[in-house]
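Visitor: I'm new to reading protein models, so please show me how to look at a pocket and a backbone angle.

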Amino acid sequence: MQIKKDKVVSIHYTLTDDAGKVLDSSTGRGPLFYIQGHGNLIPGLEEALEGKSKTDKVKTSIPPEKGYGVKMDEMIHQISRSHFEEPESVEVGMQFQAEMDHGMQHLTVTAIEGDKVTLDGNHPLAGQTLHFDVDIVDVREASKEELDHGHVHGPEGHHHH
Ligand code: ZN
């Protein structure tokens with residue numbers, strides 16, 4: 001069975017950056033389950049896996065435009081240190097979640113100059129070319145319920161409480 005829209009796919013993967021540093025990997029945990037064509041994965045990875053079959057291995061490099069996007073200046077803000085609950089503890093590299101109009105946003109402190117703290121709301125992997133090494137573990141039909149929900153059910157997938 002080939003990977004195409006509405007198939008449930010399980011993969012093992014390793015993600016590295018341009019320098020070969022491992023950013024994420026399914027090694028040591030179970031495979032990742034997703035439904036093709038439902039935006040579960042970044043677009044470039046779904047494109048690379050389209051038409052592939054169980055046991056195929058796929059190596060692909062995905063540009064930011066088809067990954068987590070390019071870095072956007074309007075996602076970077078400077079605010080006064082005094083706005084933080086614990087101003088003295090703010091450090092470069094700290095991450096926050098903030099409630100925004102469109103939902104929760106992750107913010108990373110990227111610089112501090114005096115009283116000015118720079119917060120970057122871009123995805124941590126925005127602007128990066130992503131190198132994926134993928135082993136396709138299995139491909140199966142999705143159930144009607146899975147398609148209705150847009151995610152995988154069952155022991156390895158999504159659990160409803
Ligand atoms: Zn569900």
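Visitor: How many nonpolar, polar and charged residues does the lining of the largest pocket have?

Guide: The lining of the largest pocket has nine nonpolar, one polar and one charged residues. Here Ala, Val, Leu, Ile, Met, Phe, Trp, Tyr, Cys and Pro count as nonpolar, Asp, Glu, Lys and Arg as charged, and the others, Gly among them, as polar. Keep in mind that this is a predicted model: local features need pLDDT of at least 70, side-chain atom pairs count only at pLDDT 80 or more, and totals for chains, interfaces and linings use all residues. Residues are numbered from 1 along each chain as its sequence is written, and side-chain values use heavy atoms, without hydrogens and water.

Visitor: Which residues line the largest pocket?

Guide: Among them are Tyr13, Leu15, Asp24, Asn40 and Phe132.

Visitor: And what lines the second largest pocket?

Guide: Its lining includes Ile79, His83, Glu85, Met94 and Phe96. By class, that's five nonpolar, two polar and two charged residues.

Visitor: Now the backbone. What is special about phi at Asp6?

Guide: Most residues other than glycine have a negative phi. Asp6, though not a glycine, has a positive phi of about 80 degrees.

Visitor: Is Asp6 buried or exposed?

Guide: Neither: Asp6 counts as partly exposed because its relative accessibility is 26% (buried is under 20% relative accessible area, exposed over 50%, partly exposed in between, with a 1.4 Å probe and protein chains only).

Visitor: What about Thr55?

Guide: Thr55 also isn't a glycine, and its phi is positive, about 75 degrees. With a relative accessible area of 60%, Thr55 is exposed.

Key. On a 1 Å grid over the protein atoms alone, a cavity is a set of points where a 1.4 Å probe fits but cannot get out, and a pocket is an open set with protein on both sides within 12 Å along at least five of seven lines; lining residues have an atom within 4 Å of a point.
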